[in-house]
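Me: Got a minute to go through this one with me? I'd like a quick tour before I set anything up.

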Amino acid sequence: MISGIFASECNIGRYYKLCIFFDQNHELGYDQNMKFEVLTGRTDEHLVNLEHGQRIHKSCYDDFFRLKGTLSSKKIDMRSASSFRSYERQRTIWNEKAEGKRILRDINGNPLNYDELNCEEIFWAILNWSSIPGTSRHHWGTDLDVYDHSKYLNGERLRLINSEYQGEGPNAKLSEELFKNTDLFYRPYLDGKSYQMELWHMSHVKISKEFSDKYTIDVFKKSVSEDPKLLLKEHIIKNIDFLYKKYIALKGA
Ligand SMILES: [Zn+2]
């Protein structure tokens with residue numbers, strides 16, 4: 001079934017003209033063990049408690065502590081600053097950026113002036129640093145943003161910027177060790193070809209690959225089409241093939 005949507009105005013209130021024909025009858029290529037809800041962050045049934053209020057995919061739990069143990073022998077206290085993130089949470093982040101309630105940044109991390117951007121520019125600016133809801137690897141519980149807690153005991157603020165993980169930065173030693181220990185977890189955003197390089201973001205090698213393999217473009221289309229509250233949806237639909245290839249079908253991820 002083909003459905004037609006006509007939007008004369010962008011749903012963040014800026015002028016935008018687009019006629020969309022979007023096939024909503026998707027044959028989803030996932031099996032019952034990898035449900036749509038799990039792939040897109042719409043359930044937390046696959047998670048267990050990790051530590052300090054964080055949650056992780058149950059099949060990644062033991063490997064997290066294996067890696068943590070290896071690093072602790074090097075005097076690094078690896079902790080997760082962010083692990084599972086639900087669809088709703090990601091949509092809140094996305095929509096707040098779309099509405100100018102959160103700072104947008106360019107590829108170098110510098111703040112952008114929201115008022116000077118049109119809705120298309122806002123859309124691409126969000127994608128510098130944030131995933132489209134339903135596509136974040138944090139939905140899977142296989143991915144974590146990690147830091148060395150032993151370097152933040154005096155109230156220093158963790159900013160999750162690359163310079164903290166390089167040179168003399170507090171997480172540089174952790175980052176170095178993550179380069180040496182890639183059998184259980186690896187970092188999918190090092191080459192900057194999808195999102196900008198994120199030295200803090202790591203992914204469980206085996207389980208994230210299972211998710212990645214099951215995440216077809218039809219899962220992406222269904223996720224977007226099912227949410228009436230998602231802002232800048234027109235731009236997602238217009239660019240859906242490109243977005244899928246660039247941000248979701250990561251080679252080797
Ligand atoms: Zn992350």
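Me: What share of the contacts with a separation of 6 or more comes from residues 24 or more positions apart?
Reply: It's a predicted model, to say that up front. In it, residues 24 or more positions apart make up 67% of those contacts.

Me: OK. How many helices and strands are there in the protein?
Reply: Nine helices and eight strands. The protein has 253 residues, and 32% of them count as buried.

Me: Let's talk about the core. Which residues touch the most other members of the largest nonpolar core?
Reply: A98, I126, V146 and L174, out of 41 residues in that core. Helix 4 (residues 119-129) gives the largest share of this core, with four residues. As a general point, nonpolar side chains tend to be buried together in soluble globular proteins.

Me: And what does I126 touch, leaving out residues up to four places away in sequence?
Reply: W94, K97, A98 and L104.

Me: Switching to helix 6. Which of its residues are buried?
Reply: In helix 6, which spans residues 205-214, they are I207, S208, F211 and S212. They sit on the same side of helix 6, because they cover an arc of only 140° around the axis.

Me: What do those buried residues pack against?
Reply: Helix 1, plus strand 4 (55-57), strand 6 (143-148) and strand 8 (201-204).

Me: Since helix 1 came up, where does F36 lie, and is it buried or partly exposed?
Reply: F36 lies in helix 1, residues 36-39. It has 19 other C-beta atoms within 10 Å, and buried takes 20 or more, so F36 is partly exposed.

Me: How far apart are F36 and F220?
Reply: In sequence, 184 residues; in space, 9.6 Å from C-alpha to C-alpha.

Me: F220 is in a helix pair too, right? How do helix 7 and helix 9 cross?
Reply: Their axes come within 10 Å and cross at roughly 115°, with helix 7 covering residues 217-225 and helix 9 covering 240-248. The crossing is right-handed. On the helix 7 side you have I217, F220 and K221, and they meet I240, Y244 and I248 of helix 9. By class, that contact has five nonpolar residues, one charged and no polar ones.

Me: Now the backbone. What is phi for L160 and L232?
Reply: For L160, phi is near 55°. For L232, phi is about 60°. Both are positive values in residues that aren't glycine. For context, most residues other than glycine have a negative phi.

Me: Where are those two found?
Reply: L160 is in the loop between strand 6 and helix 5. L232 is in the loop between helix 7 and helix 8 (233-238).

Me: Why does L232 count as buried, and why is L160 partly exposed?
Reply: L232 counts as buried because it has 24 C-beta neighbours inside 10 Å, against a cut-off of 20 or more. L160 has 18 other C-beta atoms within 10 Å, so it is partly exposed.

Me: One more from the loop between strand 6 and helix 5. What does S150 touch, again skipping residues up to four places away in sequence?
Reply: S150 touches I76 and D77. S150 and I76 are 74 residues apart in sequence, while their C-alpha atoms are 6.8 Å apart in space. S150 is partly exposed, with 15 other C-beta atoms within 10 Å.

Terms used:
Residues numbered from 1 in each chain as written. Predicted model: local features only at pLDDT ≥ 70, side-chain atom pairs only at ≥ 80, totals over all residues. Axes fitted to C-alpha atoms, helices over the stretch in contact; angles between N-to-C directions. Left-handed = near helix turned anticlockwise from the far one by under 90°. Contact = placed C-beta atoms within 7 Å. Nonpolar A, V, L, I, M, F, W, Y, C, P; charged D, E, K, R; others polar. Buried ≥ 20, exposed ≤ 12 C-beta atoms within 10 Å, placed from the backbone. Core = buried A, V, L, I, M, F, W, Y, C linked by C-beta atoms within 7 Å. Arc of directions from axis to C-beta.
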